[in-house]
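User: Could you take me through one part of this model, the sheet, and keep it relaxed but careful? I'd like to hear how the strands are put together and what goes on around them.

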Amino acid sequence: MLFCLKCKGLLVPNKEDPKKVMCASCGYKPRQKKTLSVKERIATEVKLEVVDKTIETLPLTEAGCPRCNHGKAFYWTAQTRSSDEAETRFFRCQKCRHQWRQYD
Ligand SMILES: [Zn+2]
Ligand SMILES: [Zn+2]
C-alpha cells in the first residue's frame, strides 16, 4: 500500500494510465523510477541466456574482430528494414563476444 507524500492520502491507480498511481484525495502523482520489476529482470536475463546459447550453435567464420583481433567469429544474417535491401551480416567474436555488422 502506498501513501501520498503530500497529504498522506491513499494512492490509487491512475485512471488515465493504470501503470501509474495518483493520490485519491489531492490528485498528487508521484514520479516513478523506471526500474524493472524482479519478474521482468528475470525474464530479460533468461532471454539473454537463450541468445547466448543460440549464438554458440551458429557457424564460425574467419573474420577479424575489430576489438581483440581474434580471427574467428560466429555469424548470421538478418534482413534489415525493407526486404529489397541486402541482408546484413552479423558477427560475434568467438573470444571476446564483441558483436558487429557488415554491409555488403
Ligand atoms: Zn495527496
Ligand atoms: Zn574479439
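Analyst: Let's start with one pair of residues: Thr-61 stands opposite Ala-73 in β4. A second pair in this part of the sheet links Leu-60 with its bridge partner in β4, Phe-74. Taken as a whole, the pairing of β3 with β4 is antiparallel and runs over three bridges. Bear in mind throughout that we're looking at a predicted model.

Now zoom out a little. The sheet is open and has four strands, in the order β3-β4-β5-β6, with antiparallel pairing. At the edges you find β3 (60-62) and β6 (99-102); each has a single partner strand, so one side of each has no neighbour in the sheet. On average, and ignoring direction, neighbouring strands here are turned by 40° against each other.

Moving across from β4, the next strand is β5, and six bridges join these two antiparallel strands. Two of the pairs are worth picking out: Thr-77 has Arg-89 as its bridge partner in β5, and Ala-78 has Thr-88. Arg-89 also faces the other way across the sheet, since its bridge partner in β6 is Gln-102. That takes us to the pairing of β5 with β6, which is antiparallel too and has four bridges. Another of the pairs there is Arg-92 with Gln-99 in β6. Between the strands of the β5 and β6 hairpin lie five residues, and in this hairpin Arg-97 takes a positive phi near 65°.

Stay with Arg-92 for a moment. Its place is in strand β5. Is Arg-92 buried or exposed? It counts as buried, because 21 other C-beta atoms lie within 10 Å, and the cut-off for that is 20 or more. Looking back towards the strand we began with, Arg-92 and Thr-61 are 31 residues apart in sequence, with 9.9 Å between their C-alpha atoms.

Next, the nonpolar residues. The largest nonpolar core is made of five residues: Cys-65, Ala-73, Phe-74, Phe-91 and Cys-93. The elements giving two or more residues to this core are β4 (72-78) and β5 (88-93). Ala-73 and Phe-74 are already familiar: Ala-73 sits across from Thr-61, and Phe-74 is the bridge partner of Leu-60. As background, nonpolar side chains tend to be buried together in soluble globular proteins. Which residues does Cys-93 contact, leaving aside neighbours within four places in sequence? They are Cys-65, Arg-67, Cys-68, His-70, Ala-73 and His-98.

The loop between β3 and β4 holds Pro-66. Pro-66 is exposed, because only 10 other C-beta atoms lie within 10 Å, where 12 or fewer is the cut-off for exposed. Even so, there is a link across the sequence here: the C-alpha atoms of Pro-66 and His-98 are 8.2 Å apart, with 32 residues separating the two along the chain. His-98 is also one of the contacts of Cys-93.

How does this part fit into the chain? There are six strands and one helix, and they follow the pattern β-β-α-β-β-β-β along the sequence. Of the 104 residues in the chain, 8% are buried. Among contacts with a separation of 6 or more, 19% are between residues 24 or more positions apart.

Finally, a word on confidence. The chain has a mean pLDDT of 82, and 75% of its residues reach 70 or more. Among the elements, β3 has the highest mean, 94, whereas helix α1 (residues 38-56) has the lowest, 67. Where pLDDT is low, the predicted coordinates should not be read in detail.

Definitions and conventions. Residues are numbered from 1 along each chain as its sequence is written. Chains are lettered from A and ligands numbered from 1 in the order in which they are written. This is a predicted model: local features need pLDDT of at least 70, side-chain atom pairs count only at pLDDT 80 or more; totals for chains, interfaces and linings use all residues. A nonpolar core is a set of buried Ala, Val, Leu, Ile, Met, Phe, Trp, Tyr and Cys residues joined through C-beta atoms within 7 Å. Two residues are in contact if their C-beta atoms, placed from the backbone, lie within 7 Å. Two strands pair if DSSP finds at least two bridges between them. Axes are lines fitted to C-alpha atoms, for helices over the stretch in contact, and angles run from 0 to 180 degrees between N-to-C directions. pLDDT is the predictor's confidence in each residue, from 0 to 100.
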